[in-house]
Structure formats: C-alpha cells, structure tokens
Amino acid sequence: MSRSVGRAIGLDVHRDFCEVAICEAGRVRSAGRIKTSPDALELFARSLGPQDRVALEVTGGAWEIARILEPHVRRVVVVSPDDTGIRQARAKTDRLDARTLARLLWAGELDAVWMPDERCWVMRRRLARREQLVRSRSRSKNEIHAVLMRRLKGKPPVSDLFGVKGRKWLRELELPVEEAETVGSALRHIEFLDAEIAEVERLIAREALRSPDARRLMTVPGVNVICAASFLAAIGDIRRFRSSRQLVAYLGLDPRVRQSGSEPARSGPISKRGSASARWALVEAAWSVVRQPGPLHAFYDRVRARRGHGKAVVASARKLAVLFWCLLSRGEDYAHQQPSLTAKKLRLLEITAGAPALKGQRTGLWATRERMRLAERELAQQAEASYTRMVRDCQAAKPAKAPAAEPGKVGASVTAGRA
C-alpha cells in the first residue's frame, strides 16, 4: 500500500457524530466532527479524494457508513477494536482515537475485517431476529412456570406444557386473579411469538433450500438448518480459509496458548473470538451429533474419557467445524450420512418453507423407513468401530515407531464386511 498517494482518514464513530482525523504526508491533524446521518456523511464523502483511505472501528452503524463512503474513496477499512490497541491506551478520547486510526492507517498497520455480502448480511439479520424472538418466548414461558411454582401446582399432567393439551390445562387452572392475568398474558404473547418465529424460519428455510452448501452440511446427522445457516452466515465463502485451522481460529474454537522462558507452551481455554452465534450453533449441534453412532461419537467418547464431558463437547464442535470445512472445500456430502434421515430433514425443510405436507396421501416414501434406519445405524456403528480401531492402532504404533504402512492401510476400513 502506497503511503505517498492520498490521505489516511480516521473516523471515531458515535451514534450522533463522528470525530474526524486526517494524516497527510505523515502528519496528523484533527478535522472536527460531522453528524452521523446519511446526508451529512454523503456530503463528507464528496469532499474526499479518489486516492483517500478511511478507517473506522466496527460499531452498529459501521457497515452503513462504509457503504456510503466506498464509492468516493480508494478504500474503506473497517477494523476490530481488539486490533488497534485503542482500548488499552493510557489517554483515551474521541479525538485521540480518531488520530490513532489515521496514524495506523497511514503506516499500513490496520487489517480490515471481512465485510459480508448482501446475502450473508440478510441471513445474519434473520438469524439474529429469530434468536431474539426465541429468547423472548422463553422468558414468557418462564413466567408461567414461576406462577405454577408460587401456587404449588406441582408437575403438570402433560409432557408438553405449551402444546394443545398443556395450554388447555393452563386455561382451566384455578388461580388468583393476578396470577390468572399473568398466565393469560404470557400465553397470548407466546402465541404471537410462535407465529413470528414460524415466519422468520420460513424465510430461512427458503434461502437454505436454494443453497447447495446448506443442504450439504445438513447431510451430517444432528445438524439442522439453523446450525447450517448460522455457520454459513458467519464465514461467507469457504475459499477465504486456506486450511481448517484458519477456520477454527476465526470461529474462536482454538485454545489460547501461553509460554514464557524455558517453560513449555501450555494451552488454555478456547479464545472465543469471532461469531458467538456460529460458535453457539456448532456447540448445540455437537450435542446432537455425538448422540448419533459414527466417527464423531467415537471421538467424543475418547476425549470425554480424558477431559470430561464439557471439554469433549467443545472439542466435538471444533471437529465439526473441521468437517464442515472439508465438505465445503471439496464439494462433497458427508460420507457417513444416513440417507433416509437426510431425506427426512430436507422434506421437513421444504414443508417449513411452505410446501404442502401431503398428509393422508399414500406416497410409499416412508413405507420401509424403520428398516432403512436400522440398516443405516448399523453402517454408522461400523464407521464408529472403524474410527475407534484406527485411533487405537495409531496410538499403539507411536511408541514402537513401526515403519509407515502403505497409504490407505492404517486402521480399519469402512467398507462393508471388512471393519
């Protein structure tokens, strides 16, 4: 990046104003404030030159500001606050922050965060809206459970308190006036939120059906559309990551490493950098994946025996991210998928997107479903046994330093009848 052409401009963004600093020929000066509004930003952008560069930190409105400025300047750099060192500065003011951004941009020491495209941005907003709606629904459900506990109503006589029978039981319950009002209000709120969640899930399902990558990730048993969509919305194009290790670090599932002096390096908890929603989706998916027979279940059991359940689940989430990178970068479906389970998930996805349910029609599609599922579980158990034996053989070979075997001959084969 050339330092002699154009200016480096730093913006410290706030809700009502932006503090501006300009670095030209290595000298930094403050340039006052501009209003954080589309008209004021457009006027400011027109005053910039085509060789100028602008830097600003990630905030709620950073992407919209970058969109307004981009057509008028050479480059807009949106940076993470963790990479600038501004938070740790001894003196921290709006003016000093803007000057620091301008100086670092002029020196070429700022790395821009990835800017999502329109498709990823829309999916992120839909997933975030669904998460807020689900949290609000959970709060309303907790209010009803609190009423039942306060009035000593005991365990409800239904398995699903908020199903058809459960809601009927709640409406017929004898409660004081103020508690009955709370229950009625919460039930109405839950019904409204159910409709809103169904609507946003319909939009997510429609987009997932048009995405070959989302359908490919759903071939992994235990991975649903929310996990697949959250992962894809967080990373965008898988070609941005040259290796699975880069992807794991981007998602914050890599361990922190500490080393000083002659002491050996030690790993600590995961870094938790990057998208918290994608990391949460992977961990939630790992809970389901490790319950299915297969290589990931064997990996979970092996780690749990040494490190315990919690760390084993997080390690499985990391392994799941590596698996996703392999599937997407190679353009292949999961080798140990259960075809009938994948077909069922895709069919439910179509129904969620608005396709007719075909209830009461004899299609013959699921006539032999139970036998198919049993046969597929046997194949998955075979794959799990193959993985367990491969790990055991590799571990047994390490201390003995046995000569390397031919490619493809280490461990057990997943071919039917040879595991």
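1. L152 is exposed, because its relative accessibility of 75% is over the 50% cut-off. This leucine sits in the loop between α4 and α5 (164-171). Its phi is positive, at about 55°, although L152 is not a glycine. The model is a predicted one, and the backbone angle should be read as a property of that model.

2. K272 can be read alongside L152. Phi of K272 is near 60°, again a positive value in a residue other than glycine. K272 lies in the loop between β7 (266-270) and α10. With a relative accessible area of 58%, K272 is exposed.

3. On confidence, the protein chain has an average pLDDT of 87, and 91% of the residues score at least 70. Helix α6 (residues 177-209) has the highest confidence, with a mean of 96, whereas helix α14 (residues 369-400) has the lowest, at 74. Over residues 405-419 the pLDDT falls below 50. That stretch still has 20 contacts in the model beyond near neighbours in sequence.

4. The largest pocket holds about 1400 Å³ of space. Its lining is made up of 34 residues, and those closest to the pocket centre are R124, Y250, G274, S275 and A276. Two or more lining residues come from each of α4 (118-150), α8 (225-235), α9 (244-250) and α10 (276-289). Helix α4 gives the largest share, with 10 residues.

5. As for the chemistry of that lining, 17 of its residues are nonpolar, 10 are charged and 7 are polar.

6. The structure holds 2 aromatic pairs. In one of them, the ring centres of F231 and F324 are 5.0 Å apart and the planes meet at 70°; this angle is over 60 degrees, so the pair is edge-to-face. F231 belongs to helix α8 and F324 to helix α12 (residues 309-330), so the pair ties together parts that are 93 residues apart in sequence.

7. Are the two rings of this pair buried or exposed? F231 has a relative accessible area of 1% and F324 has 0% relative accessibility; both values are under 20%, so both residues count as buried. Helix α8, which carries F231, is also among the elements that give two or more residues to the lining of the largest pocket.

Notes:
Residues are numbered from 1 along each chain as its sequence is written. This is a predicted model: local features need pLDDT of at least 70, side-chain atom pairs count only at pLDDT 80 or more; totals for chains, interfaces and linings use all residues. Side-chain values use heavy atoms; hydrogens and water are left out. pLDDT is the predictor's confidence in each residue, from 0 to 100. Helices (H or I, at least four residues) and strands (E, at least two) are DSSP runs, numbered from the N terminus. Contact means heavy atoms within 4.5 Å. On a 1 Å grid over the protein atoms alone, a cavity is a set of points where a 1.4 Å probe fits but cannot get out, and a pocket is an open set with protein on both sides within 12 Å along at least five of seven lines; lining residues have an atom within 4 Å of a point. Grid points are joined across faces, edges and corners, and a volume is the space filled by probe spheres set on the points. Ala, Val, Leu, Ile, Met, Phe, Trp, Tyr, Cys and Pro count as nonpolar, Asp, Glu, Lys and Arg as charged, and the others, Gly among them, as polar. Rings of Phe, Tyr and Trp (its six-membered ring) pair if their centres lie within 6.5 Å; planes under 30 degrees apart count as stacked, over 60 as edge-to-face and the rest as tilted. Buried means under 20% relative accessible area, exposed over 50%, partly exposed in between (1.4 Å probe, protein chains only).
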